[in-house]
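Work through the exercises below with the model open beside you. Try each task before reading its solution.

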Amino acid sequence: MSSIIFINERGLIIIKTTKQIELTGRRLGDGKRPLICTPLVGKTREAILYETEKILAKQPDLLEWRVDFFEGIADTCTVIDLAKSIKHIAKDTPLIFTRRSFKEGGEQISLSESQVVRLYSAICESGNVDIIDYELMNVKEDVNHLRNISKKHGIKMIMSYHNFNCTPEVDALSEKLIEAEHMQADIAKIAVMPNHLEDVLTLLHVTLDAKQKMKIPVITMSMGAYGSLTRMFGGIFGSAVTFAVGENSSAPGQVPIEDMKTVLAILQRVTGEE
Ligand SMILES: O=C1C[C@@](O)(C(=O)O)C[C@@H](O)[C@@H]1O
């Protein structure tokens, strides 16, 4: 699918985001604005279910369970059971399952990487999540294994890259997205830290380029204070999802979902996308 570019009645150039995220049998959103994803970062079952209830009242498009924050992560049955409870509360709001690795800005956990892969496999088999997110930098056999197992169970896969220190050059960032596509990701994601305003432009440039050249949807963002610009405006450049705070933040620069909705509504109005 390619982008459609046209000029609306007010003379504004509209570049439609045509690459929407698709779950099995369901396309998410209308492609006119990025989906809003809110993270769940509670440490206990009670905290996570409370967070889920509170956040759902604010109507996000997606939920991300950051399981690396969960103190019960080492017990696969407990994780599967909790995913089932979250899904029960979330109903039609799709659930992303993410163990963010410590190396890429996540919490320190007690599991070895092979145990993490087994946990992801079990959660795919359970069918209690809609999408998994696994880092591209992991051992290729593990990435491929999870790609195969997720596909087998009708679960979509995000392959991601995070850099909490800096923003690599345009080519290096583009390569990450292309690598994800080559490895058969359903969605490619990058999250990087800007050290200058120019880094924000780098991220947006890479995003627009990917929107025009790649076949799969991409999710991109800069983090921190400057990066929050990309969280609000990244959809115009081609990011399919923006992460916002429902109850608690999972990364620097995330803005509250209420503010995000206001900004996206204004953007839709001024770009003629209503
Ligand atoms: O990868 C991402 C993006 C993110 O790091 C952010 O910057 O919003 C937040 C994480 O929870 C998520 O897994």
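The exercises cover model confidence, three helix pairs and the ligand shell.

This is a predicted model: local features need pLDDT of at least 70, side-chain atom pairs count only at pLDDT 80 or more, and totals for chains, interfaces and linings use all residues. Residues are numbered from 1 along each chain as its sequence is written.

**Exercise 1. State the confidence scores of the model.**

Step 1. Take pLDDT, the predictor's confidence in each residue, from 0 to 100. The chain averages 93. Of the residues, 93% score at least 70.
Step 2. Add the model scores: ipTM is 0.97 and pTM is 0.93.
Step 3. Keep one caution: where pLDDT is low, the predicted coordinates should not be read in detail.

**Exercise 2. Describe how helix H2 packs on helix H3.**

Step 1. Locate H2 at residues 76-90 and H3 at residues 113-126. Helices (H or I, at least four residues) and strands (E, at least two) are DSSP runs, numbered from the N terminus.
Step 2. Give the geometry. The axes lie 10 Å apart, at an angle of about 40 degrees. Axes are lines fitted to C-alpha atoms, for helices over the stretch in contact, and angles run from 0 to 180 degrees between N-to-C directions.
Step 3. Classify the angle. H2 is therefore oblique to H3. Angles under 35 degrees count as roughly parallel, over 145 as roughly antiparallel, 65 to 115 as roughly perpendicular and the rest as oblique.
Step 4. List the contacts (C-beta atoms, placed from the backbone, within 7 Å). Thr76, Val79, Ile80 and Ala83 of H2 meet Leu119, Ala122, Ile123 and Ser126 of H3.
Step 5. Sort them by class: six nonpolar, two polar and no charged residues. Ala, Val, Leu, Ile, Met, Phe, Trp, Tyr, Cys and Pro count as nonpolar, Asp, Glu, Lys and Arg as charged, and the others, Gly among them, as polar.

**Exercise 3. Classify the crossings of H6 with H5 and with H7.**

Step 1. Start with H5 (170-182) and H6 (197-213). Their axes come within 10 Å and cross at roughly 45 degrees. H5 is therefore oblique to H6.
Step 2. Find the H5 contacts. Val170, Leu173, Ser174 and Leu177 meet Thr202, His205, Val206, Asp209 and Ala210 in H6. This contact has five nonpolar, three polar and one charged.
Step 3. Turn to H7 (224-237). The axes of H6 and H7 come within 10 Å and cross at roughly 20 degrees. H6 and H7 are therefore roughly parallel to each other. Their contact has eight nonpolar, four polar and one charged residues.

**Exercise 4. Describe the shell around the ligand.**

Step 1. Name the nearest residues. Of the 16 around the ligand (C-beta atom, placed from the backbone, within 6 Å), Pro39, Ala191, Phe243, Ser250 and Ala251 come nearest.
Step 2. Find the strands. E6 (62-66), E9 (156-163) and E10 (187-192) each supply at least two shell residues.
Step 3. Sort the shell: six nonpolar, five polar and five charged.

Note on methods
Contact = placed C-beta atoms within 7 Å.
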